Amino acid sequence: MKRLLINGCMVILFLLALAGCGRKDGDDFVVARVNGTNVMASEVRIHLPYAEEMMEWEYFFMYNDWVIDESREYQPGVTFGRAIRERAVREVAFQTVTSDFARSLGIALTDFDYAMIDGEIERLIEHFGRDEFNRLMQESGFRDENHMKDFFEAQILLDNLITLIITTPAEFTRFASFMPEEERVPTLLGAKHILAAFDQFDSEAEAEVFASEILVRALAGEDFDELMYTYTQDPGIMSFPEGYSFTLGDMMPEFEDGTLSLAIGEISGLVRTDFGIHIIKRTEPNAEDWYRLHQRQPRTEEDRMLEAIFTGLTVMVDEADIEFLAALDDI
């Protein structure tokens with residue numbers, strides 16, 4: 001089970017504070033309402049670093065610049081600065097809605113949960129010292145220790161809520177419609193190759209002569225793997241010593257076409273790409289290698305269930321009555 005680790009959350013918040021991301025702007029005041037419940041400025045400040053980071057990504061994709069101009073319009077009538085604040089309010093709304101939902105299902109914190117929160121806070125105080133802890137806590141947006149405890153109680157409630165839903169078929173049914181399709185691995189090709197890289201020779205002709213000599217030996221029956229490990233100039237062999245498993249679009253077109261022209265176990269002639277001259281041996285593909293090539297992990301059934309749950313919870317937040325007050329701009 002993927003868990004929301006409370007100690008990890010606390011470390012992140014304090015790192016944000018140390019980096020100067022936390023904010024403390026005067027007295028606390030109401031800046032929004034979620035389903036009629038007041039949202040305080042201090043609650044929003046906790047989520048501002050994350051909200052700003054998300055908006056930085058959007059800003060980068062829109063303007064190819066990481067430094068946000070908060071006065072620039074994000075949408076008609078809405079600046080980036082306002083959008084960051086509203087996103088932080090929605091993070092508070094997510095916490096509020098999911099906590100209320102958890103309690104409606106009878107989920108409550110145990111004595112062990114409360115003891116874990118107290119223990120983590122005590123360890124932080126011991127590590128930083130009381131005065132520094134208080135400063136970092138306030139810079140992270142917390143009013144006091146009780147406010148911090150409330151925040152982490154909500155994190156544990158969410159953790160317990162997800163555990164209940166994912167392990168209780170009757171509870172998961174309300175999220176089943178959000179379940180993403182089972183991941184399908186595309187049709188794969190497999191290939192090993194010996195590369196004479198152009199950048200390793202004085203000329204392309206010299207690379208071709210080198211590759212031609214190796215091809216003669218491979219076609220004469222010498223062990224292809226031994227030739228590959230000895231002569232290939234592909235740095236990827238360190239990560240993929242058994243060759244590549246790929247689908248169309250992953251490799252250079254000439255390499256893909258050269259592989260497609262072969263039967264399993266067959267060796268190609270010389271195949272030229274922008275990188276150099278290749279000698280290809282087609283192999284049986286391996287789905288695990290394809291995931292490694294794309295630096296991904298296959299989504300498990302639990303991954304898909306978690307995605308469905310978070311999508312469903314987000315819909316609950318979207319359907320909540322969120323009112324942004326003018327005071328939000330005063331944060």
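**An exposed phenylalanine and a four-stranded sheet**

Phe 61 is exposed in this model, because its relative accessible area is 65%, and the cut-off for that term is over 50%. The structure is a predicted model. Phe 61 belongs to helix 2, which spans residues 41-63. Together with Trp 57, Trp 66 and Val 67, Phe 61 makes a nonpolar patch on the surface, with an area of about 490 Å².

A separate part of the description concerns the sheet. Four strands make up an open sheet, and their order across the sheet is 6-5-8-7, with antiparallel pairing. Strand 6 (244-246) and strand 7 (267-272) are the edge strands, each of which pairs on one side only. From one strand to the next, the twist averages 35°.

Two of the pairings can be described bridge by bridge. Strand 5 (residues 189-197) is paired with strand 8 (residues 276-283) in the antiparallel sense, and eight bridges are found between these strands. One of the bridge pairs joins Ala 191 to Arg 282, the latter in strand 8. Strand 8 also pairs with strand 7, again in the antiparallel sense, over four bridges. Here Val 271 has His 278 of strand 8 as its bridge partner. Strand 7 and strand 8 form a hairpin, and three residues lie between the two strands.

Helices are placed against this sheet. Helix 8, made of residues 204-219, lies across strand 5, strand 7 and strand 8. The direction of helix 8 is at about 175° to that of strand 7. Helix 10 (residues 253-260) also packs on the sheet, where it touches strand 5, strand 6, strand 7 and strand 8. The angle between the directions of helix 10 and strand 5 is about 125°.

Within the sheet, Ser 268 offers an example of a single residue and its surroundings. Ser 268 is part of strand 7. Its relative accessibility is 7%, so Ser 268 counts as buried, the limit for that term being under 20%. When neighbours within four places in sequence are left aside, the contacts of Ser 268 are Leu 215, Leu 262, His 278, Ile 279 and Ile 280. Among these contacts, His 278 is the residue of strand 8 that serves as bridge partner to Val 271. Phe 61 in helix 2 and Ser 268 in strand 7 thus carry opposite labels, because Phe 61 is exposed whereas Ser 268 is buried.

Terms used: Residues are numbered from 1 along each chain as its sequence is written. This is a predicted model: local features need pLDDT of at least 70, side-chain atom pairs count only at pLDDT 80 or more; totals for chains, interfaces and linings use all residues. Side-chain values use heavy atoms; hydrogens and water are left out. Patches are made of residues with over 30% relative accessible area and no salt bridge: like charges are joined within 9 Å, nonpolar side chains (Val, Leu, Ile, Met, Phe, Trp, Tyr) within 5 Å. Accessible areas come from the Shrake-Rupley method with a 1.4 Å probe; for residues, only the protein chains shown count as cover. A salt bridge is a side-chain nitrogen of Lys or Arg within 4 Å of a carboxyl oxygen of Asp or Glu. Buried means under 20% relative accessible area, exposed over 50%, partly exposed in between (1.4 Å probe, protein chains only). Two strands pair if DSSP finds at least two bridges between them. Axes are lines fitted to C-alpha atoms, for helices over the stretch in contact, and angles run from 0 to 180 degrees between N-to-C directions. Contact means heavy atoms within 4.5 Å.
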